[in-house]
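Reader: Hello! I would like a close look at a single part of this model, with its surroundings filled in afterwards. Could you walk me through it in one connected answer?

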Amino acid sequence: MPILELDNACKSFGSTKVLANVSLSVEPGEFVAIVGFSGAGKSTLMSLLSGLAMPDTGAALYKGKHITGPGPERGVVFQNYSLLPWLTAFENVRLSVDQVFKAWSLQKRNDHVERYLNMVGLSHARDRRPAQLSGGMRQRVALARALATEPEVLLMDEPLGALDALTRATLQDELERISRLAGKTIVLVTNDVDEAILLADRIIPLSAGPSATLGPATEVSIARPRDRKRLNHEPLFRHIRVSVVEYLLDTKRTKQAATKRPPKSGLLVPAMEPSV
Amino acid sequence: MSQKSVWEKRIGLFLMPLLGAGVVLLVWTLTAAVFADNLPSPMKTWETSRLYILEPFEKRGELDQGILRFTWYSLERVAKGYSIAILLGAPLGFLLGMSPLFRGSFDPIVQILRPVSPLAWLPLGLVIFQKPEPAGIFTIAMCSMWPTVMNTALGVRSVPQDYLNVARALKLSRPKTLLKVMLPSALPYMFTGFRLSLGIAWLVIVAAEMLTGAPGVGGFLWQEYNALIYEHIILCILTIGLVGFALDRLMGLVEQRFRTA
């Protein structure tokens with residue numbers, strides 16, 4: 001049985017239809033990447049899965065049951081870190097651990113936080129506030145915060161979108177390692193096709209908005225662990241890359257022809273998204 | 001080069017304010033000499049006031065005390081009124097910021113009460129409490145509450161949606177969200193409100209003491225006007241200004257601490 005499902009979900013904000021008939025089915029243990037343009041509605045799709053927003057029509061299901069709100073079984077890594085600036089790295093992670101493992105002793109909770117900070121390589125920065133951390137470090141704290149609650153599903157909304165290219169590459173490699181170790185079901189939303197290929201078992205393109213919908217899925221049958229240097233020479237990598245990018249650009253052209261709007265920015269260009 | 005800039009800094013820090021003070025003293029002296037016969041000159045003001053300044057805590061009689069002793073009475077009064085203002089204002093601000101129903105119902109009233117002068121509140125305080133002391137404190141509280149209310153409400157409305165999403169994703173309870181997310185996020189705004197409120201509380205003290213005749217720096221000012229000792233009016237004005245300045249700086253430091261945190 002799929003662990004996460006969207007069944008013909010539609011979502012509008014005001015008169016703009018953001019998502020139209022989105023259907024998605026994620027199996028336990030699977031790493032699914034959803035790739036789409038900035039502003040296409042990726043964050044909205046993520047909100048439906050996390051329970052921060054409800055679909056207007058259709059359904060969002062977790063283990064076959066309707067999602068009625070956020071829950072600790074679905075950990076979220078937000079697009080812009082969303083760390084609380086008045087708390088240290090340690091305290092940010094502790095806040096979520098306190099909430100999910102209320103029954104544990106203080107010692108056990110502290111050890112638990114320590115372990116996850118260590119996993120993302122931030123033990124040395126545990127007492128620093130977000131303002132004193134680099135973008136990459138902040139994102140690691142956010143990742144540790146989500147992982148420390150030991151969710152069954154990890155939802156990552158463009159977790160590396162705000163980072164520079166080099167930090168991004170480093171963290172991608174780390175995500176690859178952590179996701180393999182954790183063995184969790186992961187849904188990653190990104191605008192970076194290479195990132196998706198490096199990390200995911202399955203890539204699903206989200207067509208250009210408005211009325212975005214999911215396109216045909218592509219299995220990434222490249223063996224793990226994946227090495228970004230070798231990946232470039234992998235014929236399958238190039239094949240997937242070309243087919244996903246072409247599908248996305250195609251949907252954009254059709255949309256533009258239909259709506260006659262001036263061409264907008266392409267992939268990998270940050271743009272405003274409706275925040276939910 | 002750097003030596004020179006250090007000197008320039010010192011000149012900016014000390015000499016220029018002295019220059020400003022010199023100009024004001026000159027204008028004051030000329031005004032007193034040329035067309036305001038009753039206005040005491042700076043020299044005369046010092047002569048008459050020196051006893052109150054040099055023995056600032058002396059108590060010679062109920063209406064004849066050192067200037068800092070009077071100031072202390074006033075500060076006590078302000079502390080009481082200001083505490084009430086904050087204890088009422090902060091929760092009121094939170095309600096205004098959080099609940100659209102509450103804001104819709106009470107924001108118009110707040111906007112109407114906000115610009116009311118202390119001179120208007122004091123008689124009402126006397127009517128309600130029948131005694132001058134609580135009436136004064138009531139006036140200070142009623143006048144100084146509003147910046148805290150408005151800034152707290154603004155701070156609560158400005159809590160980033162991201163933080164609230166974190167709270168929702170973690171399923172924090174309502175009280176916990178309030179305490180762990182909204183309050184820390186709104187705190188810098190609240191401290192701006194606290195600082196402005198303190199400024200107003202100190203501003204109101206003179207009016208409150210004048211009308212109630214309570215001992216304090218404002219009461220002393222009014223009493224010395226009636227006793228025709230005009231030098232002491234100027235002494236009181238300067239004291240009120242200096243104390244207000246010090247209070248503002250003090251709150252500014254506290255505010256700064258919370259801003260960086």
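Author: Happy to! Let's start with a pair of residues: A:Leu6 has A:Leu24 of β2(A) as its bridge partner. A little further along, A:Ala9 stands opposite A:Val22 in β2(A). Both pairs belong to a predicted model, in which strand β1 of chain A (residues 4–13) and strand β2 of chain A (residues 16–26) run antiparallel and are joined by 7 bridges. The hairpin they form has 2 residues between the strands, and there A:Gly14 adopts a positive phi near 60°.

Now widen the view to the sheet. The hairpin strands are part of an open sheet of 4 strands in chain A, ordered β2-β1-β4-β5 with antiparallel pairing. Its edges are β2 and β5 (65–66) of chain A, each of which pairs on one side only.

Chain A also has a partner. In the predicted complex, 14 residues of chain B are in contact with 15 residues of chain A. On the chain B side, the elements that supply two or more residues are α7 (161–169) and α8 (174–212). Of these, α7(B) gives the most, with 7 residues. Sorted by class, that side of chain B has 8 nonpolar, 2 polar and 4 charged residues. As for confidence, the predictor assigns the complex an ipTM of 0.79 and a pTM of 0.78. Chain B has a mean pLDDT of 88, with 97% of its residues at 70 or more.

Helix α8(B) leads us to one more element of chain B, because the buried residues of α5(B) pack against α6 (132–157) and α8 of that chain. Helix α5 of chain B covers residues 118–129, and its 12 residues should span 16 Å at 1.5 Å a residue; the end C-alpha atoms are 16 Å apart, so the two values agree. Which residues of α5(B) are buried? They are B:Pro118, B:Trp121, B:Leu122 and B:Gly125. These cover an arc of only 105° around the axis, so they lie on the same side of α5(B). The reasoning is a matter of helix geometry: with 3.6 residues a turn, residues three or four places apart in an α-helix point the same way. On the face turned away from the buried side, α5(B) carries the exposed residues B:Ala120, B:Pro123 and B:Val127. Just after the helix comes B:Gln130, with a positive phi near 65°.

How values were computed
Residues are numbered from 1 along each chain as its sequence is written. Chains are lettered from A and ligands numbered from 1 in the order in which they are written. This is a predicted model: local features need pLDDT of at least 70, side-chain atom pairs count only at pLDDT 80 or more; totals for chains, interfaces and linings use all residues. Two strands pair if DSSP finds at least two bridges between them. Two residues are in contact if their C-beta atoms, placed from the backbone, lie within 7 Å. Ala, Val, Leu, Ile, Met, Phe, Trp, Tyr, Cys and Pro count as nonpolar, Asp, Glu, Lys and Arg as charged, and the others, Gly among them, as polar. pLDDT is the predictor's confidence in each residue, from 0 to 100. The expected span of a helix is 1.5 Å times one less than its number of residues. A residue is buried if 20 or more other C-beta atoms lie within 10 Å of its own, exposed if 12 or fewer, and partly exposed in between; C-beta atoms are placed from the backbone. The arc is that of the directions from the helix axis to the C-beta atoms.
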